[in-house]
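I opened this entry to keep a record of what I looked up, in the order I looked it up. The structure comes before the notes.

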Amino acid sequence: MTYAAGQLWTYKTPPGYDTSRIVIGAVATCGNGEHIICFSVTNAPPAGQSDEQAAITIPFIPMSEDAFQATICDLVGQADPPDGFSAALQDWSEDARGLSVFT
């Protein structure tokens with residue numbers, strides 16, 4: 001599978017969060033050639049899930065391609081990443097620990 005910025009995916013969500021989606025914002029490549037999928041999650045369950053808490057947006061998550069493949073279900077369209085993705089990607093890219101976690 002070829003992953004690309006703008007792809008919108010369903011993933012294995014907890015009950016009650018069926019509208020949550022993954023939006024790929026970028027695909028990075030490590031020095032060893034491994035792909036890192038950088039994405040956002042919309043309508044995500046909040047930590048410490050409670051019926052009274054509204055869904056949240058997680059602006060940035062980097063994940064190895066293998067882990068991403070194990071998480072997603074279906075490609076359902078195209079979307080722009082939410083606000084906050086670009087700034088978080090920039091911060092991660094400039095942090096010496098960013099890609100080094102994957103090498």
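In which strand is Ser64 found? I found Ser64 in strand S4. I note here that the model is a predicted one.

**Ser64**

I looked up whether Ser64 is buried or exposed. Its relative accessible area is 16%, and the cut-off for buried is under 20%, so Ser64 counts as buried. I then listed its contacts, leaving out residues up to four places away in sequence: Ser64 touches Glu34, His35, Ile36 and Phe102. The side chain of Ser64 also reaches the backbone nitrogen of Ala67, at 3.2 Å.

**The sheet**

Next I looked up how the strands are arranged. There are five strands in an open sheet, and their order is S4-S3-S2-S1-S5. The pairing is antiparallel. At the edges I found strand S4 (56-64) and strand S5 (72-78), each of which pairs on one side only. On average, neighbouring strands of this sheet are turned by 35° against each other, direction ignored. I add a general reminder for myself: strands of a sheet pair through backbone hydrogen bonds, either parallel or antiparallel.

I went through two of the pairings. S3 (residues 35-44) and S4 run antiparallel and are joined by six bridges. Within this pairing, Phe39 has Ile61 in S4 as its bridge partner. S2 and S3 also run antiparallel, and eight bridges join them. Here I found Ala28 opposite Ile36 in S3.

How many residues lie between S2 and S3 in their hairpin? I counted five residues between them, and Gly33 in the turn has a positive phi of about 90°.

I also checked how covered S3 is. Eight of its 10 residues are buried, so I put S3 down as mostly covered, with buried meaning under 20% relative accessible area.

**Nonpolar cores**

Which residues make up the largest nonpolar core? I wrote down 12 residues: Tyr3, Trp9, Tyr11, Ile22, Ile24, Ile37, Phe39, Val41, Ala44, Met63, Phe68 and Ile72. The elements that give two or more residues to this core are S1, strand S2 (21-29) and S3. S3 gives the most, with four residues. Another core lies apart from this one; it has 10 residues, among them Ala28, Cys38, Phe60 and Phe102.

I looked at Tyr3 of the largest core in more detail. Leaving aside neighbours within four places in sequence, Tyr3 is in contact with Trp9, Ile24, Val27, Ile37, Glu65, Phe68, Gln69 and Ile72.

**Aromatic pairs**

How many aromatic pairs does a search of the whole structure find? The search finds six. I noted two of these pairs in detail.

Trp9 and Phe68 form an edge-to-face pair, 6.4 Å centre to centre, with 85° between the planes. This pair links distant parts of the chain: Trp9 is in strand S1 and Phe68 in helix H1 (residues 65-71), 59 residues apart. Both Trp9 and Phe68 are buried.

Phe60 and Trp92 form a tilted pair, 5.6 Å centre to centre, with 50° between the planes. Phe60 lies in strand S4 and Trp92 in helix H2 (residues 85-94), so this pair ties together parts that are 32 residues apart in sequence. Both Phe60 and Trp92 are buried.

I also found a cluster: ring pairs link Tyr3, Trp9, Phe39 and Phe68.

**Thr10**

I turned to Thr10, which lies in strand S1 (residues 7-11). Why does Thr10 count as buried? Its relative accessibility is 14%, and buried means under 20%, so Thr10 falls within the cut-off. Not counting residues up to four places away in sequence, Thr10 touches Arg21, Ile72, Cys73, Asp74 and Val76.

**Ala87**

The last residue I looked up was Ala87, in helix H2. Ala87 has a relative accessible area of 48%; partly exposed runs between 20% and 50%, so Ala87 counts as partly exposed. I also took its separation from Phe60: the two residues are 27 apart in sequence and 9.2 Å apart in space, C-alpha to C-alpha.

Definitions and conventions. Residues are numbered from 1 along each chain as its sequence is written. This is a predicted model: local features need pLDDT of at least 70, side-chain atom pairs count only at pLDDT 80 or more; totals for chains, interfaces and linings use all residues. Side-chain values use heavy atoms; hydrogens and water are left out. Two strands pair if DSSP finds at least two bridges between them. Axes are lines fitted to C-alpha atoms, for helices over the stretch in contact, and angles run from 0 to 180 degrees between N-to-C directions. Buried means under 20% relative accessible area, exposed over 50%, partly exposed in between (1.4 Å probe, protein chains only). Contact means heavy atoms within 4.5 Å. A nonpolar core is a set of buried Ala, Val, Leu, Ile, Met, Phe, Trp, Tyr and Cys residues joined through side-chain atoms within 4.5 Å. Rings of Phe, Tyr and Trp (its six-membered ring) pair if their centres lie within 6.5 Å; planes under 30 degrees apart count as stacked, over 60 as edge-to-face and the rest as tilted. A polar contact is a pair of N or O atoms within 3.5 Å; within protein, one must be able to donate a hydrogen and the other to accept it, and residues adjacent in sequence count only if both atoms are side-chain atoms.
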